[in-house]
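Let's walk through this model together, beginning with one residue and then stepping back to the whole chain. Please keep the viewer open as you read.

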Amino acid sequence: MRRNLKLSELLNLFPDIKIISGSYNPDENFEFVRTDSRKLESNDLFCLPDSSGDKGAEYAKVSSSRYILIGSKLKIPKLENKVVLKTDLDPESLAGPIASIILGDPSSKLKVVGVTGTNGKTSLTHILAYLGESQGKSCGIIGTTGVKFKGILSDTGYTTPDPSSLQSILKEMYDSGVEYVFMEASSHGLKLGRTNGVHFKVGVFSNLTQDHLDFHPNMEDYLNSKALLFSSVALNPETFGVIDSDAPGGKDFKSAVETSSPNLKIFSLGRSSGEFEIHSEAFSLEKTSYQIRLSDDWGGDTDINTNLLGGFNVRNTALSFVTALGLGWEKKSLLEALESIPQIPGRFQIYYSKDKSRMAVVDYAHTPDALENILRSIRESKPKELIALFGCGGDRDKTKRPKMAKIAEELADKVILTSDNPRTENPESILDDIQAGFTDGYSPMFREADRAKAILYGISHLKEGGCLLVAGKGHEDYQIIGRDKRHFDDGEEIRKVFGL
């Protein structure tokens, strides 16, 4: 049940907020708080995000809410029948804490584990939730593939939902009996303050490679935004962080966290450094095996076998295992659970032809590092031929396009270029940018902007014993062309061509 928050209480709790115009009664109550104008009710507080830019004044004018909180830089005309409040902070960064107060601070009653990093967030949250369920825990997931708990999956449209929606989801999870929440913390969500007001019990970091430079001015800002998660982990004897210090960006990330959160307990994972070392890796098309060196308190060297394939899933399962041990879960049953993890939507998702002679892999890999990881992992399984099919999103970071071509040329036998989500860019121009990364004269390459036709071509030309990697969209069941969002599912197309 929501509690009523009076205007006078809001001003006492957040001294930075000042009323600048409008007639009001200090005992007036807010129903809720929103950053999305489309979801507003008349008695809601509209925290108008600074990111609204020049459109902010118009949003304020046409909003259905009586109360509007704006940032100090926004200039708006006098609005009739509205109470306008101002803050020197980004109003979006205050929406989470205000929503949390109204909803009774739901995250403080849950065990929330935040996962950040360029790649691996979705896999880690799904693995952790499965491990938790194997221990008899009630678990929920918030992330790229949606919100899942008590067997129900719903889509939010964002990796990290807006602050008000996030707090409402946490409240609903708590009310339904969820104990552990595994949540992807995107750099956008962290930097924009969407996670403010969430009490994290654990922070987990996977890796940091080039991505989202259309949003972040540079890689330093991208790293510092990710590190905000660990600053949000409440300091008490039960809280901790887990960092893959040998992963790309791992050492820099660990250094940033140690500077910003010097008293936070950190578990460091590595192949050659860190408290928890990985070695003796072995790969096949049936399973992945490795050994992890644990502290004596946790039983020393431990053999791990998992049905999840590839080198990157060594990292994902090891990070999940260490996190689970840190949460105090029982080791033997964790090792058993790691052997039979359900396929994670759009992450190394395997499809076989009817006679099992050929296979296709769907993966969300849409960055240079992710593409390299998935290609190397498939190579480790020794297919007789490896064809890489991918594109790049439109209206996004263009600098990664030629880099991905170079990686595909190096690691695949053949490359098929196609559309991802071209959005408002010309699909052929995107393919031109990618193709510029190939060596002059590179020939084992096919170019087809129509993704369905490209998948048909790839499977039709795949040799017996070969593998087609369909990268970039993973779990997504749509394609954005222009401003239209159309149904498209890589898995459906593959099954269709395989005749499944």
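Is Arg-423 buried or exposed? With a relative accessible area of 18%, Arg-423 is buried, because the cut-off for that class is under 20%. Please bear in mind that this is a predicted model. Arg-423 sits in the loop that runs between strand S22 (414-417) and helix H13 (427-435). Its backbone deserves a look too: phi of Arg-423 is positive, about 50 degrees, although the residue is not a glycine. As a rule, most residues other than glycine have a negative phi.

Another loop residue makes a good companion here. Asp-395 also has a positive phi, near 60 degrees, and is a residue other than glycine. You will find Asp-395 in the loop between strand S21 (385-390) and helix H12 (400-411). Its relative accessibility is 34%, so Asp-395 counts as partly exposed.

Now zoom out to the chain as a whole. The secondary structure comes to 15 helices and 26 strands. Along the principal axes, the C-alpha atoms fill a box of roughly 75 × 55 × 40 Å. How does the radius of gyration of 24 Å fit a compact globule, and what would such a globule of 500 residues have? The value for a compact globule would be near 23 Å, so the 24 Å of this chain agrees with it.

The totals for burial and contacts fill in this picture. Of the 500 residues in the chain, 55% are buried. Among contacts with a separation of 6 or more, 68% are between residues 24 or more positions apart. The accessible surface comes to about 21000 Å², and carbon and sulfur atoms account for 47% of that area. On the charge side, there are 61 positive and 70 negative side chains, and the centres of these two sets lie 2 Å apart.

With that overview in place, let's visit strand S18 and the loop leading to it. Thr-302 belongs to strand S18 (residues 301-306). Its relative accessibility is 4%, which means that Thr-302 counts as buried. What surrounds Thr-302, once neighbours within four places in sequence are left aside? The contacts of Thr-302 are Tyr-290, Gln-291, Ile-292, Leu-294, Phe-321, Lys-331 and Leu-335. Closer along the sequence, a polar atom of the Thr-302 side chain lies 3.0 Å from the backbone oxygen of Gly-300.

Gly-300 comes up again when you turn to Ser-295. This serine lies in the loop between strand S17 (288-293) and S18. Leaving aside neighbours within four places in sequence, Ser-295 is in contact with Phe-276 and Gly-300. A relative accessible area of 30% makes Ser-295 partly exposed. For a sense of scale, try drawing a line from Ser-295 to Phe-30: their C-alpha atoms are separated by 51 Å, and the two residues are 265 residues apart along the chain.

Next, look for a serine in a helix. Ser-320 lies in helix H9 (residues 311-326). At 0% relative accessibility, Ser-320 counts as buried. Which residues touch Ser-320 beyond its neighbours within four places in sequence? They are Leu-124, Ile-127, Leu-128 and Leu-131. Pro-106 offers another reference point, with 24 Å between its C-alpha atom and that of Ser-320, across 214 residues along the chain.

Two acidic residues in helices round off the tour. Glu-380 is in helix H11 (residues 368-380), and its relative accessibility of 28% means that it counts as partly exposed. Not counting residues up to four places away in sequence, Glu-380 touches Phe-283, Gly-310 and Gly-311. The C-alpha atoms of Glu-380 and Ile-434 are 26 Å apart, while 54 residues separate the pair along the chain.

Finally, find Asp-221 in helix H7 (residues 219-231). Is Asp-221 buried or exposed? Its relative accessible area is 19%, so Asp-221 is buried, given that the class takes in values under 20%. Setting aside residues up to four places away in sequence, Asp-221 touches Lys-191 and His-216.

Key: Residues numbered from 1 in each chain as written. Predicted model: local features only at pLDDT ≥ 70, side-chain atom pairs only at ≥ 80, totals over all residues. Heavy atoms only, no water. Helix = DSSP H or I, 4+ residues; strand = E, 2+ residues; numbered from the N terminus. Rg over C-alpha atoms; globule rule 2.2 N^0.38 Å. Buried < 20%, exposed > 50% of the residue type's maximum accessible area, 1.4 Å probe, protein only. Contact = heavy atoms within 4.5 Å. Areas by Shrake-Rupley, 256 points an atom, 1.4 Å probe, with all protein chains shown as cover. Lys, Arg positive; Asp, Glu negative; His and termini not counted. Charge placed at Lys NZ, Arg CZ, Asp CG, Glu CD. Polar contact = N/O pair within 3.5 Å; in protein donor to acceptor, adjacent residues only side chain to side chain.
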